[in-house]
Amino acid sequence: MPCLDISTNVNLDGIDTDSIFSELTKSVSQIIGKPEKFVMILLKGSVTLTFGGNKEPAALAEIVSMGGINTEVKRKLIATLGLILENKLYIPRTRFVLKVFDTTMGRQNSKL
């Protein structure tokens, strides 16, 4: 089950978060190759966050998945999620950081 957790200093009041959730869910599902029904998205706004020493719009995200992550997938996630946040929340892609974790990495013969 992929879980994407996004924290941003952008105030989400008055923003159509339903369309953001929908687009993020669909993108994560397609890129990682897991069914949408297993994708979890958390979006927290108005978080006290600075990037580069200032409080301009920025976001920190973390995605955890049981399998499905490799270098190409990481690149696609960074590009796609960054574009969604730029288009929907006006967060420049240069002010978006994504941490990626695959819980099965390093395991041999994992049964997960």
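Reader: Along E2, which side chains point to one face and are buried, and which point to the other and are not?

Author: In this predicted model, the side chains of E2 alternate between two faces. Met-40, Leu-42 and Lys-44 point to one face and are not buried. The side chains that point to the other face and are buried are Ile-41 and Leu-43.

Reader: Is Leu-43 buried or exposed?

Author: Leu-43 has its place in strand E2. A residue counts as buried when its relative accessible area is under 20%. Because the relative accessibility of Leu-43 is 14%, Leu-43 counts as buried.

Reader: With which residues is Leu-43 in contact, leaving aside its neighbours within four places in sequence?

Author: Leu-43 belongs to strand E2, and its side chain points to the face that is buried. With neighbours within four places in sequence left aside, the contacts of Leu-43 are Ile-6, Leu-12, Thr-17, Ile-20 and Phe-21.

Reader: What separates the C-alpha atoms of Leu-43 and Ala-79?

Author: Leu-43 and Ala-79 are 36 residues apart along the chain. In space, their C-alpha atoms are separated by 18 Å.

Reader: Why does Leu-42 count as partly exposed?

Author: Leu-42 lies in strand E2, which covers residues 40-44. Partly exposed is the class between buried, under 20%, and exposed, over 50%. Leu-42 therefore counts as partly exposed, its relative accessibility being 31%.

Reader: Which residues make the nonpolar surface patch of about 350 Å²?

Author: Leu-42, which is partly exposed, is one of the residues of this patch. Met-40, which points to the same face of E2 as Leu-42, is another member. The full set is Met-1, Phe-38, Met-40 and Leu-42.

Reader: In which sense do E1 and E2 pair?

Author: The two strands are joined over five bridges. Within this pairing, Asp-5 stands opposite Leu-42 in E2. The sense in which E1 and E2 pair is parallel.

Reader: Which element gives the most to the largest nonpolar core?

Author: The largest nonpolar core has 26 residues, and those with the most contacts inside it are Leu-4, Leu-77, Leu-81 and Leu-98. Two or more residues each come from strand E1 (3-8), H1, E2, E3, H2 and strand E4 (96-102). With six residues, the element that gives the most to this core is H2.

Reader: With which residues is Leu-81 in contact, leaving aside its neighbours within four places in sequence?

Author: Leu-81 is among the residues with the most contacts inside the largest nonpolar core. Beyond neighbours within four places in sequence, the residues in contact with Leu-81 are Leu-4, Leu-24, Val-28, Phe-96 and Leu-98.

Reader: Is Ser-65 buried or exposed?

Author: Ser-65 is found in strand E3, residues 59-65. Leaving aside neighbours within four places in sequence, Ser-65 is in contact with Met-1, Pro-2, Ile-32, Lys-34, Phe-101, Asp-102 and Thr-103. Because its relative accessibility is 0%, Ser-65 counts as buried.

Reader: How far apart are the closest N and O atoms of Glu-36 and Lys-26?

Author: Six salt bridges are counted, and Glu-36 forms one of them with Lys-26. This pair links distant parts of the chain, with Glu-36 in the loop between helix H1 (17-32) and E2, and Lys-26 in helix H1, 10 residues apart. Glu-36 counts as partly exposed at 39% relative accessibility, and Lys-26 likewise counts as partly exposed at 39%. The closest N and O atoms of the pair are 3.6 Å apart.

Reader: What separates Lys-76 and Glu-72 in helix H2?

Author: Lys-76 and Glu-72 form a salt bridge, their closest N and O atoms being 3.1 Å apart. Lys-76 is partly exposed at 41% relative accessibility, and Glu-72 is partly exposed at 48%. Because they are four residues apart in helix H2 (residues 71-89), the separation is about one helical turn.

Reader: Which side chain meets that of Arg-93 in a salt bridge?

Author: The N to O distance in this salt bridge is 3.1 Å. Arg-93 counts as partly exposed at 46% relative accessibility. Its partner counts as partly exposed at 26%, and that partner is Glu-86.

Reader: Where does Tyr-90 lie?

Author: Tyr-90 has a positive phi of about 60° although it is not a glycine. At 65% relative accessibility, Tyr-90 counts as exposed. Tyr-90 lies in the loop between H2 and E4.

Methods. Residues numbered from 1 in each chain as written. Predicted model: local features only at pLDDT ≥ 70, side-chain atom pairs only at ≥ 80, totals over all residues. Heavy atoms only, no water. Patch = residues over 30% accessible without salt bridge, like charges linked within 9 Å, V, L, I, M, F, W, Y side chains within 5 Å. Areas by Shrake-Rupley, 256 points an atom, 1.4 Å probe, with all protein chains shown as cover. Salt bridge = Lys/Arg side-chain N within 4 Å of Asp/Glu carboxyl O. Buried < 20%, exposed > 50% of the residue type's maximum accessible area, 1.4 Å probe, protein only. Contact = heavy atoms within 4.5 Å. Core = buried A, V, L, I, M, F, W, Y, C linked by side-chain atoms within 4.5 Å. Pairing = 2+ DSSP bridges.
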